[in-house]
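Work through the exercises below with the model open. Each task is followed by a solution in steps.

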Amino acid sequence: MKIITLNANGIRAAQRKGMFEWFEQQNADVLCIQETKAQLEQLNPKLFIPQGYHFYQADAVKKGYSGVSVYTKHQPITVQYGIDWPEFDSEGRWLQVDLGHIVVVSLYLPSGSAKEERQEFKYQCMAKLEPILVALKASGKPFVVCGDWNIAHKKIDIKNWRGNQKNSGFLPAEREWMTKVFEDIGLVDAFRVVEPREEQYSWWSNRGQAWANNTGWRIDYHVTSPCLVNKIKSASIYKEQRFSDHAPVIIEYAL
């Protein structure tokens, strides 16, 4: 089972850059997108829904902002929009599909870099997500929470770790929370199970020569239930074409 996650930074912009042509060649089972920045009615099905896929989208109330979607070859048993918390759900940040043999979530955790209020909101989101992740694990069903978590967990996950310790996305409290997710709650950073190398990044700032110099951050994850740890076959970050300031993270599972 091949699952791809991508923060598209505008699904219409990514489409113009050839993302869907690339996706159709991937023969993936599921594609999770974050930051769609488009309402459902703004998307022409011919351009935005490849043949053979079921498509679901959780939109932000505010136009041109946030939003997450899921493309799946398998018809879901249930689709859950949001986490039943209006502040979070009105920004279109959680979409959960139960495919029967596995649950897949497209998650877009907020960035706190714009201003202090947004960082405070990010911490609130982290606190709200904790019991949800615990409940997903307790269900005993295999799951993958894909998406832009907006946190680089360890020094290996960011090029300039020394210079970013006071910046949102690499703050000690954020990194400690990711450790809690993986160690205390017991979830799995699927990418790192099979890919231990350094300089594996999924996002590059548009400032300076970040992309050219590979001055990146790994903030896009597949966070899975522990029962999938032995099912992770391969993991890669696709960088041959650029559809966004993020790159697609592709993981294959033996399911």
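Buried means under 20% relative accessible area, exposed means over 50%, and partly exposed lies in between (1.4 Å probe, protein chains only). The model is predicted: local features need pLDDT of at least 70, side-chain atom pairs count only at pLDDT 80 or more, and totals for chains, interfaces and linings use all residues. Residues are numbered from 1 along each chain as its sequence is written, and side-chain values use heavy atoms, with hydrogens and water left out.

**Exercise 1.** Classify Q34 as buried or exposed, and find what its side chain reaches.

Step 1. Locate the residue: Q34 is part of strand β2, residues 30-34. Helices (H or I, at least four residues) and strands (E, at least two) are DSSP runs, numbered from the N terminus.

Step 2. The relative accessible area of Q34 is 0%, so Q34 is buried.

Step 3. The Q34 side chain reaches the backbone nitrogen of N7 at 3.4 Å. A polar contact is a pair of N or O atoms within 3.5 Å; within protein, one must be able to donate a hydrogen and the other to accept it, and residues adjacent in sequence count only if both atoms are side-chain atoms.

**Exercise 2.** Test the length of helix α5 against its expected span, then describe its bend and its packing.

Step 1. The expected span is 1.5 Å times one less than the number of residues. Helix α5 covers residues 116-138, 23 residues, and should therefore span 33 Å; its end C-alpha atoms are 34 Å apart, which agrees.

Step 2. At L129, α5 bends by about 25°, and the proline P131 follows within four residues. The bend is the angle between axes fitted to the seven residues ending at a residue and the seven starting there.

Step 3. Buried residues of α5 include R118, K122, C125, L129, L133 and L136. An α-helix has 3.6 residues a turn, so residues three or four places apart point the same way.

Step 4. The buried residues of α5 pack against α4 (86-89), β6 (94-98), β7 (103-108), β8 (143-148) and α6 (172-184). Contact means heavy atoms within 4.5 Å.

Step 5. After α5 comes G140, with a positive phi near 80°.

**Exercise 3.** Which residues does E174 contact, leaving aside its neighbours within four places in sequence?

Step 1. E174 sits in helix α6. Its relative accessibility is 0%, so E174 counts as buried.

Step 2. The contacts are Q119, K122, Y123, M126, I151, N167, S168 and G169.

Step 3. One of these, N167, lies in the loop between β8 and α6. N167 is partly exposed, at a relative accessible area of 35%.

**Exercise 4.** Compare the settings of K37 and D84, given that each has a positive phi without being a glycine.

Step 1. Most residues other than glycine have a negative phi. Phi is about 55° for K37 and near 70° for D84.

Step 2. K37 is in the loop between β2 and α3 (45-48), and D84 is in the loop between β5 (78-81) and α4.

Step 3. K37 is partly exposed, at 25% relative accessibility, whereas D84 is exposed, with a relative accessible area of 75%.

**Exercise 5.** What fraction of the 255 residues is buried, and how does the radius of gyration compare with the globule rule?

Step 1. The chain has seven helices and 14 strands. Its radius of gyration is 17 Å, close to the 18 Å from the globule rule for 255 residues, so the chain is as compact as a globular protein of that length. The radius is taken over C-alpha atoms, and the rule is 2.2 Å times the number of residues to the power 0.38.

Step 2. Buried residues make up 56% of the 255.
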